[in-house]
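The following note collects points on the arrangement of the chains and their secondary structure elements. Please read the points alongside the coordinates.

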Amino acid sequence: MSGSTAETSAPRWMLTAGLGVLVLVAAGVSLLIGRDGGGPTFGFGGPALMDVILKEIRLPRTLLAVLVGGTLGLCGAALQGLLRNPLAEPGLLGASSGAALGAVIMFYFGLAGAASLLLPLGAVMGSLLALAALYALAGRRGDFLTIVLAGIAINALAAALTSLALNFAPSPYAALEILFWMLGSLADRSLAHVYLALPLMLPGWLLVAAAARGLDALTLGEDTASSLGFAPQRTQWLVIGGTALAVGGAVAVTGVVGFVGLVVPHLLRRSVGQHPSRLLLPSFLGGALLALLADVAIRLLPPGPELKLGVVTALLGAPFFLHLVMRSSAREA
Amino acid sequence: MTLAAVSIDVRYEARAAVQPTTVALEAGELVALVGPNGAGKSTLLRALAGLVAHGGTVTWRGTPLARLDGRTRARTVAYLPQDPPVHWPLAAREVVALGRLPHRAYGAEHSPADDAAVLAAMRQTDTVEFAARSVHRLSVGERARVLLARALAVEAPVLLADEPIGMLDPYHQLDVMRALRAYATGSTGERSEPRLVVAVLHDLGLAARFCDRVLLMNGGAIVGDGPPDATLSSAAIRTHYRVEPFIARHDDEPLIVPWRALPNGSDSD
């Protein structure tokens, strides 16, 4: 028995370590590659520029890719465990769309330009408001179905209000700015964005991580989870509160980056033996890796307008999602 | 060591699913909870497990269960729902190991005691041979035994099992009844202490043969409580199950077979 347990834990440890190494390598590559009007650039263009380019352009971009990708992967894995559904992802709860709406409102009133930090602050407020609305709609003891339905309602309302803001945008330029921001990007961010997102992400991650064993217990249903000493309501609000904080912080600095939270846990689930708790850390690392690679790929494209990260992840993720849906319906048939 | 329920009752809106009930159950007993469909057996079991809001109190060795913290309570009372889901295709051994969650600190690996408990539980339920297989690839009966092993692996002094043999073939029905007996008498696992097992059963013959005590429920109330011979009398079965039983003895053990459904209204109050 103990021998077979050791067998399964060795690859688990190796998977996490391997992903960690890959994240470090990808981060190194991300620091070395830039982009200007002529397409990708390599290195730092001379020792004089190195400090500025590294600290003010590439380091924030790389750090944010790790933080945002990791957040989305972690929260996706936790939500899939909570809802016991492989199709769940952070966008489901309305945290992303609420955050986007908050940011759009800042754009709309022209506050985004005045002080660049007002935009992320608006996003955080939006995410927290979406969570509060979810809490009010689903209630303290809300069941999972109610939460999903409330998430759909919040998403729809946030989308409607965002459209309203676009509709009444003071100028076509403002509308375009809003649209571009919503596409999700890591370009032109500063360390200030990192400092703004991190205080939201860290407690969010910790809340989600605290739910790990509760997610394992939920594998056997809510009654068994309760009888094992892990009240489903507690697990639920740890995951939802943590996700709202962390994803709110992520959307605040990058806009909406979809599908990372859906795809990454899926790709890794089999290699961790399907355990929801063992999926959390690898999904964080996998999400960070995917965001880094996508963001490096964007910089490597031939000259032209830079693709937005959210566009790339959606282009990769949507077919993957379709594949999942078709495979699960084929299995049921 | 006693699990005592004092005037507990469960109401679903206006309907009383369990009438005010007081009952004391002792460690070392294998108790059958029997009764027709809708008698309130599962609800009573869930109330004892603290999974449903109820009036009154349930105490273990004098301490109200509601006052225990989640983990202590989980280590005290193990509960096996009727046909619980397994949402991810975990290996059978991993499902059983979930029963050790209340014993493990956050992030801790399995201790030798955990491994021993998991293996003992799987041996008791004849599930060792498919320990590495995904539970989604097992038959319904095999899965039911894995889930029973999960509940046994908690090694709690109280085990509440809702229809643990409903899905099993005859061999495994007998074997699981033997395992539940062994669990109650404390002859399994590392620690050998008498434990309390309450199992909801529909097979009255097996209940009579293997259990020390039978609680008969009907209409949300306990209408019979005592040794099998007394509780599962011909008259009681006719009254509460509306069935004419065939009762005999074989190998000096009771044999009860529900023989003929009685016409509606006859022999009831």
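1. The contact between the two chains draws 23 residues from chain A and 28 residues from chain B. The model is a predicted one. On the side of chain A that touches chain B, the elements that give two or more residues are helix H1 (2-32), helix H9 (212-218) and helix H10 (221-227) of chain A. The largest share of that side, five residues, is supplied by H10(A). By character, the residues on the side of chain A that touches chain B comprise seven nonpolar, twelve polar and four charged.

2. Within chain A, helix H6 (residues 144-167) merits a separate remark. H6(A) has 24 residues, and the distance from its first C-alpha to its last is 34 Å, close to the 34 Å expected at 1.5 Å a residue. Which residues of H6(A) are buried? They are Ile147(A), Ala150(A), Gly151(A), Ile154(A), Ala158(A) and Thr162(A). An α-helix has 3.6 residues a turn, so residues three or four places apart point the same way. The cover over the buried residues of H6(A) includes helix H3 (95-108) and helix H5 (118-138) of chain A.

3. In chain B, an open sheet is formed by four strands in the order E2-E1-E4-E5, with antiparallel pairing. Strand E2 (15-26) and strand E5 (63-64) of chain B stand at the edges; each has a single partner strand, and therefore one side of each is left without a neighbour in the sheet. Strands of a sheet pair through backbone hydrogen bonds, either parallel or antiparallel.

4. The pairing of strand E1 (residues 2-12) of chain B can be described on both sides. With E2(B), E1(B) pairs in the antiparallel sense over eight bridges. Tyr12(B) stands opposite Arg15(B) in E2(B), and Arg11(B) has Ala16(B) as its bridge partner in E2(B). With E4(B), E1(B) is joined by five bridges, and the two strands run antiparallel. Here Leu3(B) stands opposite Trp60(B) in E4(B).

5. The connection between E1(B) and E2(B) is a hairpin with two residues between the strands. In the turn, Glu13(B) has a positive phi of about 55 degrees, a value that the reader may wish to inspect in the model.

6. The sheet of chain B also carries a helix. Helix H1 (residues 41-48) of chain B lies across E1, E2 and strand E4 (55-60) of chain B. With respect to E2(B), H1(B) runs at about 60 degrees.

Note on methods: Residues are numbered from 1 along each chain as its sequence is written. Chains are lettered from A and ligands numbered from 1 in the order in which they are written. This is a predicted model: local features need pLDDT of at least 70, side-chain atom pairs count only at pLDDT 80 or more; totals for chains, interfaces and linings use all residues. Two strands pair if DSSP finds at least two bridges between them. Two residues are in contact if their C-beta atoms, placed from the backbone, lie within 7 Å. Axes are lines fitted to C-alpha atoms, for helices over the stretch in contact, and angles run from 0 to 180 degrees between N-to-C directions. The expected span of a helix is 1.5 Å times one less than its number of residues. A residue is buried if 20 or more other C-beta atoms lie within 10 Å of its own, exposed if 12 or fewer, and partly exposed in between; C-beta atoms are placed from the backbone. Ala, Val, Leu, Ile, Met, Phe, Trp, Tyr, Cys and Pro count as nonpolar, Asp, Glu, Lys and Arg as charged, and the others, Gly among them, as polar.
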